[in-house]
Amino acid sequence: MRYSDNLHDKKWGRGWDADAVFTLFLSLTIGVATLGLTHLWTFARILFVARSAPATPASFPALAILGNRLNSNGSPSRDFRQRLEHGLLLWRTSGPFDILVIGGAVSSELSEAGAGQTYLQEHGVESAYIHQEATSLNTLENFRHARAWFAGFPSAGVVSNRYHLARVLDLARGLGLQVQPCAAENKLHFWRHWHRWLLETMFLHWYWSGRWYAQLTGNRRMLEKISVVSDNQHSA
């Protein structure tokens, strides 16, 4: 039976809807049906991007820094601080240039982008160079809402931890954004973040399962969430 489009307005919680629930179930089903081989392929891709990503892109006129959940006191977490510190290093050595800090408010009134901007300003970046995308609840929404900012540059560097970069690239490029990966760490530290690698495998497999389904079935509503192509189709 075909998945019914009339479920798409049902809300399941912050950042969730019927499409998210359906594609998560689809992702798990594909994983079971393939005896985990598709998850293994996804993990291999994440590891490949993590190993090959440069700490400094060849050239970039602007930089986006991906947020991460804040500590209970509203300060950036260790991974987020690492991303911000690397952004600061690039700004000091290759700047000045515009910086977009990305991340909404998940568990507190303070957004990740707001905390990131405060951190950058406290460490010497002038406020005129800092921009925020603070309205989103997940990485895909982050990029969708920031498309206008990315459109102002031929390409932009995107800073995140190595375990996160494969999903960052696939989501951004799926939306037609010209981005260059920029690893927050100089070296790959697998065991320090082993649980994050497993989560990223699940998240990226989930994204690709939904994308394949939307493309195979021509589901424009679902494509609209993950692709720039559907915008043209929708307006046709």
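Accessible areas here come from the Shrake-Rupley method with a 1.4 Å probe. With that in hand I began with the whole chain, keeping in mind that this is a predicted model: the accessible surface of the protein chain comes to about 12000 Å², and 58% of that surface belongs to carbon and sulfur atoms.

**Entry 1, the chain as a whole.** I looked up the secondary structure and found 10 helices and seven strands in the protein chain. Of its 236 residues, 50% count as buried. I then turned to the contacts with a separation of 6 or more, and noted that residues 24 or more positions apart account for 69% of them.

**Entry 2, strand β3.** Is β3 enclosed or open? I found that five of the five residues of β3 are buried, so the strand is largely enclosed by the rest of the structure. In a regular strand the side chains alternate between the two faces of the sheet. I therefore checked the two sides of β3 separately, and both are covered, with Ala62, Ala64 and Leu66 buried on one side and Leu63 and Ile65 buried on the other. For the neighbours of β3, I noted that five bridges join it to β4 and that these two strands run parallel, with Ile65 having Val101 of β4 as its bridge partner. Following the chain from β3 through α3 to β4, I recorded a β-α-β crossover that is right-handed. β3 also pairs with β6, again in the parallel sense, over three bridges, and there the bridge partner of Leu63 is Gly157.

**Entry 3, the connecting helix α3.** I looked next at α3, residues 78-94, whose 17 residues reach 24 Å from the first C-alpha to the last, close to the 24 Å expected at 1.5 Å a residue. The buried residues of this helix are Asp79, Phe80, Arg83, Leu84, His86, Gly87, Leu88, Leu90 and Trp91. An α-helix has 3.6 residues a turn, so residues three or four places apart point the same way. When I asked what covers the buried residues of α3, the elements I found included the strands β3, β4, β6 and β7, together with the helices α4 (112-122) and α8 (194-217).

**Entry 4, strands β6 and β7.** I found β7 mostly covered, with five of its five residues buried. Val179, Pro181 and Ala183 point one way from β7, whereas Gln180 and Cys182 point the other way, and all are buried. β6 and β7 pair in the parallel sense over five bridges, and in this pairing Ala156 stands opposite Val179 of β7. The chain passes from β6 through α7 to β7, and I recorded this β-α-β crossover, too, as right-handed.

**Entry 5, the nonpolar cores.** In soluble globular proteins, nonpolar side chains tend to be buried together. Which residues have the most contacts inside the largest nonpolar core? That core has 39 residues, and the ones I noted on this count are Phe143, Phe150 and Val158. I followed Val158 further and, not counting residues up to four places away in sequence, found it touching Leu63, Ala64, Leu66, Phe143, Phe150, Leu165, Val168, Val179, Gln180, Pro181 and Cys182. Apart from this core lies another, of 21 residues, among them Phe80, Tyr119, Val159 and Ala184.

**Entry 6, two arginines.** I looked up Arg162, which sits in the loop between β6 and α7, and it is buried, with a relative accessible area of 5%. Leaving out residues up to four places away in sequence, Arg162 touches Ala50, Arg51, Ala53, Ala183, Glu185, Asn186, Lys187, Leu188 and Trp197. The C-alpha atoms of Arg162 and Lys187 are separated by 8.7 Å, although the two residues are 25 residues apart along the chain. Arg167 lies in helix α7, residues 165-174. Is Arg167 buried or exposed? The cut-off for buried is under 20% relative accessible area, and Arg167, at 14% relative accessibility, therefore counts as buried. Its contacts, leaving aside neighbours within four places in sequence, are Thr139, Glu200, Phe203 and Leu204.

**Entry 7, helix α1.** I closed with α1, residues 18-33, which has 16 residues and reaches 22 Å from its first C-alpha to its last, close to the 22 Å expected at 1.5 Å a residue. Its buried residues include Phe22, Leu24, Leu26 and Gly31. Just after α1, I noted that Leu35 takes a positive phi of about 55 degrees.

Terms used:
Residues are numbered from 1 along each chain as its sequence is written. This is a predicted model: local features need pLDDT of at least 70, side-chain atom pairs count only at pLDDT 80 or more; totals for chains, interfaces and linings use all residues. Side-chain values use heavy atoms; hydrogens and water are left out. The expected span of a helix is 1.5 Å times one less than its number of residues. Buried means under 20% relative accessible area, exposed over 50%, partly exposed in between (1.4 Å probe, protein chains only). Contact means heavy atoms within 4.5 Å. A nonpolar core is a set of buried Ala, Val, Leu, Ile, Met, Phe, Trp, Tyr and Cys residues joined through side-chain atoms within 4.5 Å. Two strands pair if DSSP finds at least two bridges between them. A crossover is right-handed if, with the strands pointing away from the viewer, the path from the first strand over the helix to the second runs clockwise.
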